Amino acid sequence: METQQYAQKILRVGKALLAAYVVTAVCLLTVAFLLLKLDLSQSNVSVGIIVTYLVSCFLGGFILGKTMERRKFLWGMVLGIIYFLITLIISLVAFHGISSSVNHLFTTLLICIAGGMAGGMVS
């Protein structure tokens, strides 16, 4: 019985992560389109990426919080951490190493955690 509950929680986290990455894809395509049409500056693109991380993790945390009975904010934080780690691994594979500073990575981690936690709290 306990392993079935554990498997259900993993499935819930997976579904929330999938939703978060779908939102990420839509947001990044929107930023890319705006970059193409409006010739945005580097700072505008950076803001768009930060907003993408925040909105995606918030939505994932919200969805996960809706499916969990207790400690919703902690589940949102877990989602933010997993989201960041998957994104980091994809970046490492794509760029063959870390292409940004440790401060940037830490800030991105905090944004993902805060977005997921906020989503879990609101749910």
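## A four-helix chain

Residues 24 or more positions apart account for 80% of the contacts in the protein chain with a separation of 6 or more. The model is predicted. The chain holds 4 helices and 0 strands, and its pattern along the sequence reads α-α-α-α. The C-alpha trace spans about 55 × 30 × 20 Å along its principal axes. Of the 123 residues, 28% count as buried. The accessible surface comes to about 8000 Å². Carbon and sulfur atoms hold 72% of that surface.

### Helix spans

Three helices can be set against the expected rise of 1.5 Å a residue.

| Helix | Number of residues | End-to-end C-alpha span | Expected span |
|---|---|---|---|
| H1 | 37 residues | 53 Å | 54 Å |
| H3 | 24 residues | 34 Å | 34 Å |
| H4 | 21 residues | 30 Å | 30 Å |

For H1, the span agrees with the expected value. H3 comes close to its expected span, and H4 does likewise.

### H1 and the loops

H1 covers residues 2-38. Its buried residues are Val13, Ala16, Leu17, Ala19, Ala20, Val23, Thr24 and Val31. These pack against H2 and H3.

Thr24 lies in H1. It counts as buried because its relative accessibility is 9%, under the 20% cut-off. Beyond its neighbours within four places in sequence, Thr24 is in contact with Thr52, Ser56 and Tyr83. Tyr83 is itself one of the buried residues of H3.

Just after H1 comes Asp39, with a positive phi of about 50 degrees. Asp39 takes this phi although it is not a glycine. The residue sits in the loop between H1 and H2. Asp39 is exposed, because its relative accessible area is 66%, and the cut-off for exposed is over 50%.

Arg71 belongs to the loop between H2 and H3. It too is not a glycine, yet has a positive phi of about 55 degrees. At 54% relative accessibility, Arg71 counts as exposed.

### H3

H3 runs over residues 72-95. Its buried residues are Gly76, Leu79, Gly80, Tyr83, Phe84 and Thr87. What do they pack against? Their partners are helix H1, helix H2 (42-67) and helix H4 (102-122). Just after H3, His96 takes a positive phi of about 55 degrees.

Is Ile82, a residue of H3, buried or exposed? Neither term fits: Ile82 is partly exposed, because its relative accessibility is 28%, and partly exposed lies between the 20% and 50% cut-offs. Leaving aside neighbours within four places in sequence, Ile82 is in contact with Val13 and Leu17. Both of these partners are among the buried residues of H1. Along the chain, Ile82 and Leu17 are 65 residues apart. Their C-alpha atoms are separated by 8.2 Å.

### H4 and its contact with H3

In H4, the buried residues are Leu105, Thr108, Ile111, Cys112, Ile113, Gly115, Gly116, Gly119 and Gly120. They pack against H2 and H3. An α-helix has 3.6 residues a turn, so residues three or four places apart point the same way.

How do H3 and H4 meet, and at what angle? They pack at about 145 degrees, with their axes 7 Å apart. H3 passes H4 in a right-handed crossing. From H3, the contact takes in Lys72, Phe73, Gly76, Met77, Gly80, Ile81, Tyr83, Phe84 and Leu88. From H4 come Leu105, Thr108, Leu109, Cys112, Ile113, Gly116, Met117, Gly120 and Met121. The residues of this contact divide into 12 nonpolar, 5 polar and 1 charged.

Thr108 in H4 is one member of that contact. Thr108 counts as buried because its relative accessibility is 8%. Apart from neighbours within four places in sequence, Thr108 is in contact with Tyr53 and Phe84. Phe84 is among the buried residues of H3 and also takes part in the contact with H4.

Technical notes
Residues numbered from 1 in each chain as written. Predicted model: local features only at pLDDT ≥ 70, side-chain atom pairs only at ≥ 80, totals over all residues. Heavy atoms only, no water. Helix = DSSP H or I, 4+ residues; strand = E, 2+ residues; numbered from the N terminus. Expected span 1.5 Å × (residues − 1). Buried < 20%, exposed > 50% of the residue type's maximum accessible area, 1.4 Å probe, protein only. Contact = heavy atoms within 4.5 Å. Axes fitted to C-alpha atoms, helices over the stretch in contact; angles between N-to-C directions. Left-handed = near helix turned anticlockwise from the far one by under 90°. Nonpolar A, V, L, I, M, F, W, Y, C, P; charged D, E, K, R; others polar. Areas by Shrake-Rupley, 256 points an atom, 1.4 Å probe, with all protein chains shown as cover.
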